[in-house]
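The following exercises are to be worked with the sequence and the structure at hand. Each task is followed by a solution that proceeds step by step.

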Amino acid sequence: MASQRDIRRRIRDVGRIKQITRAMQFVAASKLKRAQDSTLAARPYSEKIDEVLADLAAVIAADEHPLLSRREGGKRLLVLITSDRGLAGPLNTNTIRFAARVITEHTGDLAVVSVGRKGRDAMRRARVPLEAHFAGFGDRPAFADVIPLARLVTDGFVSGEFGQIDLVYPRFVSTLIQRPVMETLLPVAPAEDTEGIPGNQFIFEPNPGAVLEQLLPRYVATRLFQAVLEAKASEESSRMVAMKNATENADDLIDEYTLAYNKVRQANITREMIEIATGAQTH
Amino acid sequence: MPLLLEIVTPERLAYSDTVDAVTLPGIEGELGVLPHHAPLVTMLGLGELRIRKAGETETFAIAGGFLQVRPDKVVVMAEMADMAAEIDLEKAEEARRQAERALEGGFHEGADLAAARAALQVALLRQRVAERRHREGRPRRHG
């Protein structure tokens, strides 16, 4: 049985770990708030771009722009968004497992662009060809951060190197639920225009083709930006929940150890008293 | 009939209010939008967006944008939209100097050169917009 001193040391150690997990929990909570705010703030622009794209789709045939047309040949590209840092609960594991299933089910050429270190490390271990890697974009991803990534995938698609580009990232459903999802980024599939006035009633200046030309790269960048923001919110909420659990576990452990400590202490006292009593009798 | 104007950027909703008229930097020259404008979608250039509202003017420096005019509202989607009153003159000046240095030093080709030139243009625009605002010395108002 462990000595009183051993148990006391263990209680102290667990207490220190608890301080750290608790601090991480609160930091994650405040970062989550910020990530959620940025996700919400970015939504109007993204919705607007979608709407204009739908209006354009009403007047332009799908094969009139290279980013809109489905193509044969060219490999499939997966953009995998994970976090840079760990201690975020099962989030990265789940996202990577989801991506791994897509990769194993796919026959033919495939490459991955990783955003975030965790995804890159996993792909390296699995020997999946990495096309490029982008470090995560910090606590406050800016739109400008995703531009190089957007350019890379757009150029690769236009040149025919990639035939289809999919996005895999953890969607933020709620603080408790984050679900890995896959969405097709390219070729662009414009949404149906469900509200507002029909696209063919707009005048496009100078012409629909020119507007589309300018709009599509921004549409791609916006989709990537949205995914990065959602992944960020998912990361922080998953970390917050994981650290909350860790803090509670630490409390349980401290209770358990304290009980064990008291038992040992009690046993020692009892033993000493017996020793004293028997000592007194023999005299 | 007033005009509902919204300015959105990838990072936020920069402006949303009813206005009397708005002037924008179209790619083929200045563009004015008054109520009852025909439905229109067009590209915007780099420049000043001026809002007229109850006899006063509010200015934005915008870049990389689109304009959508609908019967019920006018929406500006821009990669950058900074309200003149919110531009920090010193920071704008510093950004311009940096952009100039980037152009002078080092070798630039193709996309790099285009990006450096664009950065300088944006910096100059921000500075111009902010300086005018500063000179006119109007009290800062929020729309």
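**Exercise 1.** Leaving aside neighbours within four places in sequence, determine which residues are in contact with Thr23(B), and decide whether Thr23(B) is buried, exposed or partly exposed.

*Solution.*
Step 1. The model is a predicted one. With the neighbours within four places in sequence set aside, the contacts of Thr23(B) are Glu30(B), Gly32(B) and Arg50(B).
Step 2. Thr23(B) belongs to strand E3 of chain B, which covers residues 21-26.
Step 3. Within 10 Å of Thr23(B) there are 17 other C-beta atoms. A buried residue would need 20 or more, and an exposed one 12 or fewer. Thr23(B) is therefore partly exposed.
Step 4. Thr23(B) may also be set beside Arg52(B): 29 residues separate the two in sequence, and 8.3 Å separate them in space, from C-alpha to C-alpha.

**Exercise 2.** Describe how E1(B) and E2(B) pair, and name the bridge partner of Glu6(B) in E2(B).

*Solution.*
Step 1. Locate strand E1 at residues 3-8 and strand E2 at residues 13-19 of chain B.
Step 2. These strands pair in the antiparallel sense, over 6 bridges.
Step 3. In one of these pairings, Glu6(B) has Ser16(B) of E2(B) as its bridge partner.
Step 4. With 4 residues between them, E1(B) and E2(B) form a hairpin.

**Exercise 3.** State the domain assignment of chain B and characterise the contact between domain 1 and domain 2 of that chain.

*Solution.*
Step 1. In the assignment for chain B, domain 1 spans 3-85 and domain 2 spans 87-136.
Step 2. The C-alpha centres of these two domains of chain B are 22 Å apart.
Step 3. In the contact, 10 residues of domain 1 of chain B meet 8 residues of domain 2 of chain B.
Step 4. On the domain 1 side, two or more residues come from each of strand E6 (47-53), E7 and E8 of chain B. E7(B) gives the most, with 3 residues.
Step 5. By residue class, that side of domain 1 of chain B holds 6 nonpolar, 2 polar and 2 charged residues.

**Exercise 4.** Carry out the corresponding analysis for domain 1 and domain 2 of chain A.

*Solution.*
Step 1. Domain 1 of chain A is assigned to 4-24 + 243-282, and domain 2 of chain A to 25-241.
Step 2. Their C-alpha centres lie 51 Å apart.
Step 3. Domain 1 of chain A brings 8 residues to the contact, and domain 2 of chain A brings 8 residues.
Step 4. Helix H1 (4-57) and helix H5 (208-282) of chain A each supply at least two residues of the domain 1 side.
Step 5. The domain 1 side of chain A consists of 3 nonpolar, 3 polar and 2 charged residues.

**Exercise 5.** Establish how many residues each chain gives to the contact between chain A and chain B, and which strand of chain A is joined by bridges to E5(B).

*Solution.*
Step 1. Chain B gives 18 residues and chain A gives 21 residues.
Step 2. On the side of chain B, at least two residues come from each of strand E5 (40-44), strand E7 (56-69) and strand E8 (73-83). The largest share, 4 residues, belongs to E5(B).
Step 3. The side of chain B that touches chain A comprises 12 nonpolar, 3 polar and 3 charged residues.
Step 4. Strand E6 of chain A, residues 203-205, is joined to E5(B) by 3 bridges, and these strands run parallel. Phe204(A) has Val41(B) as its bridge partner in E5(B).

Terms used
Residues are numbered from 1 along each chain as its sequence is written. Chains are lettered from A and ligands numbered from 1 in the order in which they are written. This is a predicted model: local features need pLDDT of at least 70, side-chain atom pairs count only at pLDDT 80 or more; totals for chains, interfaces and linings use all residues. Two residues are in contact if their C-beta atoms, placed from the backbone, lie within 7 Å. Ala, Val, Leu, Ile, Met, Phe, Trp, Tyr, Cys and Pro count as nonpolar, Asp, Glu, Lys and Arg as charged, and the others, Gly among them, as polar. Two strands pair if DSSP finds at least two bridges between them. Domain bounds come from an automatic or database domain assignment.
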